[in-house]
Every structure is written in C-alpha cells, then in structure tokens.
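Q: I'm new to reading protein structures and would like a close look at a single part of this one. Could you take me through how the pieces around that part fit together?

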Amino acid sequence: MSAYLTPKAEREMEEVFNLRRRAVELLDIIVAEFESDPMSVQCFDLRIVEESKIVIKRLKKLKPAWE
C-alpha cells in the first residue's frame, strides 16, 4: 500500500478542503445576518440558529495559523 495519494485523490482532497472552507464562510455570513436582524431567524429552528452561532464563534477562536 502506498503512502502517497494519487493525483486524482489529491485534487479531490483539495476540493473538499476548499468546499469546507467556503461552507464556513457562508455560515459566517448567515450568522452575521441572524445577529444583525433578529427577524431573519424566523425560517430556522432556533436550535440551528444557536448552534450556528456557537460553531462560528468557536471556529473563529481556533482559526489555524495557516489561514
């Protein structure tokens, strides 16, 4: 078994990292809307709203040095 990834696997892994990074950016935008306009949370379960806020706050605190 090789310890190296195939070029295709490397591209897919990089794509996953990029998509996850973008998902966090989008969540950050959504949470900013929740915080600036309390009425914007109407279409969401409040548990999701609160968890989103917690996740973004924690991710910002733990942001890796390479980003």
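The part in question is the pairing of helices H1 and H2, together with the loop between H1 and H2.

A: Happy to! Please keep in mind that this is a predicted model, and that every value below is computed from it.

Let's start with the two helices. Helix H1 covers residues 7-36, and helix H2 covers residues 46-61. A good place to look is the largest nonpolar core, which is made up of five residues: Val31, Phe34, Val41, Val49 and Ile56. Helices H1 and H2 each supply at least two residues of this core, so you can follow it from one helix to the other on your screen.

Now zoom in on Ile56, one of the core residues. Leaving out residues up to four places away in sequence, Ile56 touches Val24, Leu27, Asp28 and Val31. Next, find Ser52, which lies in helix H2. Is Ser52 buried or exposed? Its relative accessible area is 10%, and because buried means under 20%, Ser52 counts as buried. Setting aside its neighbours within four places in sequence, Ser52 is in contact with Leu27, Val31 and Phe34. If you compare the two lists, Leu27 and Val31 appear among the contacts of Ile56 and also among those of Ser52.

Phe34 deserves a stop of its own. It is part of the core, it is in contact with Ser52, and its relative accessibility of 5% makes it buried. Phe34 also has an aromatic partner. The count of aromatic pairs comes to one, and in that pair the ring centres of Phe34 and Phe44 are 5.2 Å apart. Why is the pair called edge-to-face? The ring planes stand at 70°, and planes over 60 degrees apart count as edge-to-face, so the pair gets that name. Phe34 belongs to helix H1 while Phe44 sits in the loop between H1 and H2, so this pair ties together parts that are ten residues apart in sequence. The two rings also differ in their cover: Phe34 is buried, whereas Phe44, at 36% relative accessibility, is partly exposed.

Charged side chains link the helices too. Asp28 forms a salt bridge with Lys60, and their closest N and O atoms are 3.1 Å apart. Since Asp28 is in helix H1 and Lys60 in helix H2, this bridge ties together parts that are 32 residues apart in sequence. Asp28 is partly exposed at 27% relative accessibility, and Lys60 is exposed, with a relative accessible area of 54%. You have met Asp28 before: it is one of the residues that Ile56 touches.

For contrast, look at salt bridges inside helix H1. The total for the model is five salt bridges. One of them joins the side chains of Arg22 and Glu25, at 3.0 Å from N to O. These two are three residues apart in helix H1, so about one helical turn separates them. Arg22 is partly exposed at 41%, and Glu25 is partly exposed at 37%. Another bridge joins Lys8 and Glu12, at 3.9 Å from N to O. Here the spacing is four residues in helix H1, again about one helical turn. Glu12 is partly exposed, with 40% relative accessibility.

Finally, visit the loop between H1 and H2. Asp37 is found there and is partly exposed, with a relative accessible area of 30%. Pro38 lies in that loop as well, and at 56% relative accessibility it counts as exposed. Two distances help you place these residues against others further along the chain. From Asp37 to Lys53 the separation is 16 residues in sequence and 14 Å in space, C-alpha to C-alpha. From Pro38 to Lys60 the C-alpha atoms are separated by 22 Å, with the two positions 22 residues apart along the chain.

Putting the picture together, H1 and H2 both contribute to the five-residue core, the ring pair connects Phe34 in helix H1 with Phe44 in the loop, and the salt bridge of Asp28 and Lys60 connects helix H1 with helix H2.

Note on methods: Residues are numbered from 1 along each chain as its sequence is written. This is a predicted model: local features need pLDDT of at least 70, side-chain atom pairs count only at pLDDT 80 or more; totals for chains, interfaces and linings use all residues. Side-chain values use heavy atoms; hydrogens and water are left out. Buried means under 20% relative accessible area, exposed over 50%, partly exposed in between (1.4 Å probe, protein chains only). Contact means heavy atoms within 4.5 Å. Rings of Phe, Tyr and Trp (its six-membered ring) pair if their centres lie within 6.5 Å; planes under 30 degrees apart count as stacked, over 60 as edge-to-face and the rest as tilted. A nonpolar core is a set of buried Ala, Val, Leu, Ile, Met, Phe, Trp, Tyr and Cys residues joined through side-chain atoms within 4.5 Å. A salt bridge is a side-chain nitrogen of Lys or Arg within 4 Å of a carboxyl oxygen of Asp or Glu.
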